[in-house]
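Dear colleague,

I am passing on a structure that you have not worked with before. Please open it beside this message, and then read the notes that follow.

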Amino acid sequence: VFVCHPRTLGGPIRSRCIGGGLGAMGNAGCCVATRCKTESEEGEEDLAPVLGTFSQQWDVDVRGVRDERSVRRSLEWEWSIVEDSIDPAEFQRLRAFRDAVQDMDNHPACQPRPLHKQGQTLLRFLRGREGNIAKAEVMFRASMDWRRQFDVDNKICAWRDELQAGVTRRAKLVRAYGTDAEVCLDEAGLPVWLMRIGVSDPAGMLREIGQEALLINSLYRMEEMHANLRRAMFRNGKLTRGCVQILDVGDYGQRGWLARMMDGYKAGKPAFAIFDANYPETTRKVFILRMGRVTTRIYRWLLPMIPPRTRNKMRIFGPNAADWVEEMLAELPRGAALPKFLLCDSPDAFIEARPRGGQVPVGGSVPEDLLQEWSHHFERSAARRRTEEPTPRSPSPSPSHRSKCGGGPLRLFGGGPL
């Protein structure tokens, strides 16, 4: 029986031992560091560092800077959290699933982090196959083989370092023209993931940085979000079933919208299968905003590629913010700083919308002003979000809050709501 240090979660939490030989932390993402001590070892050195940045936790988890005792205890705590978060029948299936994959100790993908022994990771795969243990085992083994063959951990670590350094042209292009961002924290302390698809240039990015770099950048973001899910689990002492994702498909007056949307469909199609096979339970709710007639047709084309469990999480909205703002704010703590363009339809809010995206240039240098904007805005806001503490849920938005942004027409190719 172990006691978590009161500085970690505001009080002691007991962790039951679920069984022997459970292994280490991490996930198909990164580790979450904990501060746990036994009742008889109060004076000993902390078993793991305090929750840190994504980069620090990635280094700890993937590069193996953890001792066997600390990772074993971390896993015992993890399984205790999982047991307390799900019903007994599902937990029984999860333990049977764990037993079915215990022969994977020597699998290369399970060497830096024994993913086959992590309760939260295994639960995601079990739920990804609707609780069917045999199908979940097939899915998990195939995912581990893919991680080994694609060399996921090393490629993403290398890309993370390259992106943060911001020296290579492709890193600069992703910084300047990428359309993914973390906009605020939800109630569980998870980043809300914004993707401004409508202002992206998938074909230009594919042309300039290549298919593999484009995929690795997407995998990096996926792994980072799963690392955030694990952090939230240990920080809150309970499971959170995925993040909130916002897909904005409005064109905001940019030219070539239809061609760019079709390019996104073509460029993203191969990646969709990879995400579905290897990253189950990434989101708990997906808001798709600013939909028009054309985007609705594209959405219907994509439906066959979207698994039913994901479709059930999707919420579709037309061009008016009033239609979604109350439901979106219900997912967030009081005082969450959503960008104005997600709260109202005023032209001024649209002008300020970030990431701005835009057409990726052919060759040449990347505009310095765009790089400075990325550095000053996103790095600063990311650092601020990581220090935020979630507060109780905000009340429903009042009419005065909505009118504060003003109103204005949103330009959507194809025109009109659904």
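Which residues do ring pairs link into a cluster? They are F97, F125 and F140. Please keep in mind throughout that this is a predicted model.

The structure holds 10 aromatic pairs, and two of them are described here. In one pair, the ring centres of W146 and Y279 lie 6.2 Å apart and the ring planes stand at 85 degrees, which is why the pair counts as edge-to-face. This pair links distant parts of the chain, since W146 belongs to helix 6 (residues 133-150) while Y279 is found in the loop between helix 11 (257-278) and strand 7 (283-289), with the two positions 133 residues apart. W146 has a relative accessibility of 16% and therefore counts as buried, and Y279, at 4% relative accessibility, counts as buried too.

In the other pair, the rings of F287 and F317 have centres 6.1 Å apart and planes at 20 degrees, so this pair is stacked. Because F287 lies in strand 7 and F317 in the loop between strand 8 (314-316) and helix 14 (325-329), the pair ties together parts that are 30 residues apart in sequence. F287 is buried, with a relative accessible area of 0%, and F317 is buried as well, with a relative accessible area of 6%.

Rings also meet a charge in this model. The charged end of R196 sits over the ring of Y252, at 4.7 Å from the ring centre, and R196 also lies over the face of F341, where the distance to the ring centre is 4.8 Å.

Turning to the helices, helix 3 (residues 68-85) has 18 residues and reaches 26 Å from its first C-alpha to its last, which is close to the 26 Å expected at 1.5 Å a residue. Its buried residues include R73, E76 and E78, along with W77 and W79.

How do two packed helices get described? The angle between their axes and the distance between the axes are used. For helix 7 (residues 152-165) and helix 8 (residues 169-177), the angle is about 75 degrees and the axes are 8 Å apart, and the two helices are therefore roughly perpendicular to each other. On the side of helix 7 the contact is made by W159, E162, L163, Q164 and A165, and on the side of helix 8 by R170, A171, V174 and R175.

With best wishes

Methods
Residues are numbered from 1 along each chain as its sequence is written. This is a predicted model: local features need pLDDT of at least 70, side-chain atom pairs count only at pLDDT 80 or more; totals for chains, interfaces and linings use all residues. Side-chain values use heavy atoms; hydrogens and water are left out. Rings of Phe, Tyr and Trp (its six-membered ring) pair if their centres lie within 6.5 Å; planes under 30 degrees apart count as stacked, over 60 as edge-to-face and the rest as tilted. Helices (H or I, at least four residues) and strands (E, at least two) are DSSP runs, numbered from the N terminus. Buried means under 20% relative accessible area, exposed over 50%, partly exposed in between (1.4 Å probe, protein chains only). A charge sits over a ring if NZ of Lys or CZ of Arg is within 6 Å of the ring centre and within 35 degrees of the ring normal. The expected span of a helix is 1.5 Å times one less than its number of residues. Axes are lines fitted to C-alpha atoms, for helices over the stretch in contact, and angles run from 0 to 180 degrees between N-to-C directions. Angles under 35 degrees count as roughly parallel, over 145 as roughly antiparallel, 65 to 115 as roughly perpendicular and the rest as oblique. Contact means heavy atoms within 4.5 Å.
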